[in-house]
There are 2 protein chains.
Amino acid sequence: MHEKITHTESIYSGRVVKLVVHDVELPDGKSSKRELVQHPGAVAVVALDAEQNVLLVRQYRIAADQILLEIPAGTLNPGEDPEACAVRELQEETGYRPGQIEKIGGIFVAPGYTTEFIHLYLASDLIDSKLAQDEDEFLEVERLPLAEALKWVEQGDIIDGKSISALLLVARRLGM
Amino acid sequence: MHEKITHTESIYSGRVVKLVVHDVELPDGKSSKRELVQHPGAVAVVALDAEQNVLLVRQYRIAADQILLEIPAGTLNPGEDPEACAVRELQEETGYRPGQIEKIGGIFVAPGYTTEFIHLYLASDLIDSKLAQDEDEFLEVERLPLAEALKWVEQGDIIDGKSISALLLVARRLGM
C-alpha cells in the first residue's frame, strides 16, 4: 500500500504551515500528486475542575467564519514536549495550571492532506494561575458541567473535531 | 471577536486544496496574518450491517506516513449534496449502498487553518453493490463488530479524528 515520494516541490513556508506537493509512485507503479500541509503538531486539553465542570474556549475562527466553542489547544513549539505544551496552552488560554495531567489519546485531524497530529490530554486538580495570552488570540473562557458539554456535542453545538473526540473519550473513561 | 480580512494573497490552487494568506484586522485594531487552506468539504460514514458490524477502510496515508484505519470518507465534488456524496463514497470504498442513511453531526477538522468541514453520517441496511474505486486509492475494507472498533478507539489503534468523532457519536446514540 505504500507510496514512494519521487519528487517534492515546496510551495510555501509560513508561520504555522508549510505546503509541499509530492510526486508519488503508487503501489501499482503509476504516479500521482499529493498536496500536503506540513504542520508541527498540536495539543488539546479536556480540563475538569473538582465539580466536574469543563473549561471551554469560545473564539472566532476565520476558517469556519464563525465563533466556535473548543477545548483549550495550541501548536507545539519546535522541540517542545507535548505534555509541557498542554500545560502551557491550558494556562495561557484559561488561567489554570493542572495539578494532574494524563494523555488520553491523539488524532490525525485530516490525514488526506495534513501531517498535523494532536495529542489529547485530560487535566484535573486545576490551580488558578494567570498567564499572558498570545497577542493575536481573542477568546472567552466558559466553564460548564461536563454532562452539559456532552449534550452540546450530541446536539451539534460543539462542532470542532478535536473537542468532540477528546470530550467523548473522557466521557467513556468516566462512564458518562 | 470578529476578524476583518483586509487583503488576500492566493499562494496555491491545487487538485484538492487551495492555500491563501489573509491579512486580517484583529478585534483590537492590530493586524495579523492567517494562513488558510481552502477545502471543498467532505463526508464520512459509519456503516453498520445487520449484525452491528462496522465497515472500516485501511489505507496508507502519506501525511501520517503510516497505514490508518478509518471510516469510509471522501471529498465533496463541486455542488454535490453531502448525503449523495456519502452514499457514493461508501459505495466506491466498500462496495455497499445504504438502504438508510442519516446525518449524525459534523466537524471542522482544524479550524485554525483549514475551512474543511466533514459531514458525518450513519448508514445502515447495507446492500451489496460494487462500484469502481478511485484510480489512485488503494485500500482494504475491514468489517468488525462496532464494540470492537470502540475498543480500538479507546486503545489508540484508531487515531483518525473524523473516525473517532463519528464512532463515538454513534456509540452514544446506541447507548454503547
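This text walks through the contact between chain A and chain B in a predicted model.

Start with how the copies are placed. Two copies of a chain are related by a rotation about an axis and a shift along it. Here, chain B superposes on chain A after a rotation of 180°, with 0.0 Å of shift along the axis. The RMSD of that superposition is 0.0 Å. This is the relation of a two-fold axis. To find the axis in the structure, look for Ser165(B). Of the residues of chain B, Ser165(B) comes closest to the axis, with its C-alpha at 2.4 Å.

Now turn to the contact itself. Chain A gives 66 residues to the contact, and chain B gives 66 residues. Of the interface residues of chain B, 100% are interface residues in chain A too, so the copies meet through the same surface. Together the two chains bury about 5,500 Å². Carbon and sulfur atoms account for 65% of that area.

Next come the polar links. Between chain B and chain A there are 21 residue pairs in polar contact, with both residues at pLDDT 80 or more. The count of salt bridges between the chains is two. One of them joins Arg172(A) to Glu154(B). The closest N and O atoms of this pair lie 2.6 Å apart.

Which helix gives the most to the side of chain B that touches chain A? Helix H3 of chain B, residues 161-173, does, with eight residues. The residues on that side of chain B divide into 36 nonpolar, 17 charged and 13 polar.

Definitions and conventions: Residues are numbered from 1 along each chain as its sequence is written. Chains are lettered from A and ligands numbered from 1 in the order in which they are written. This is a predicted model: local features need pLDDT of at least 70, side-chain atom pairs count only at pLDDT 80 or more; totals for chains, interfaces and linings use all residues. Side-chain values use heavy atoms; hydrogens and water are left out. Contact means heavy atoms within 4.5 Å. Buried area is the accessible area (1.4 Å probe) that two parts lose on being put together, summed over both. A salt bridge is a side-chain nitrogen of Lys or Arg within 4 Å of a carboxyl oxygen of Asp or Glu. A polar contact is a pair of N or O atoms within 3.5 Å; within protein, one must be able to donate a hydrogen and the other to accept it, and residues adjacent in sequence count only if both atoms are side-chain atoms. Helices (H or I, at least four residues) and strands (E, at least two) are DSSP runs, numbered from the N terminus. Ala, Val, Leu, Ile, Met, Phe, Trp, Tyr, Cys and Pro count as nonpolar, Asp, Glu, Lys and Arg as charged, and the others, Gly among them, as polar. Copies are superposed by least squares on the C-alpha atoms of residues with pLDDT of at least 70 in both.
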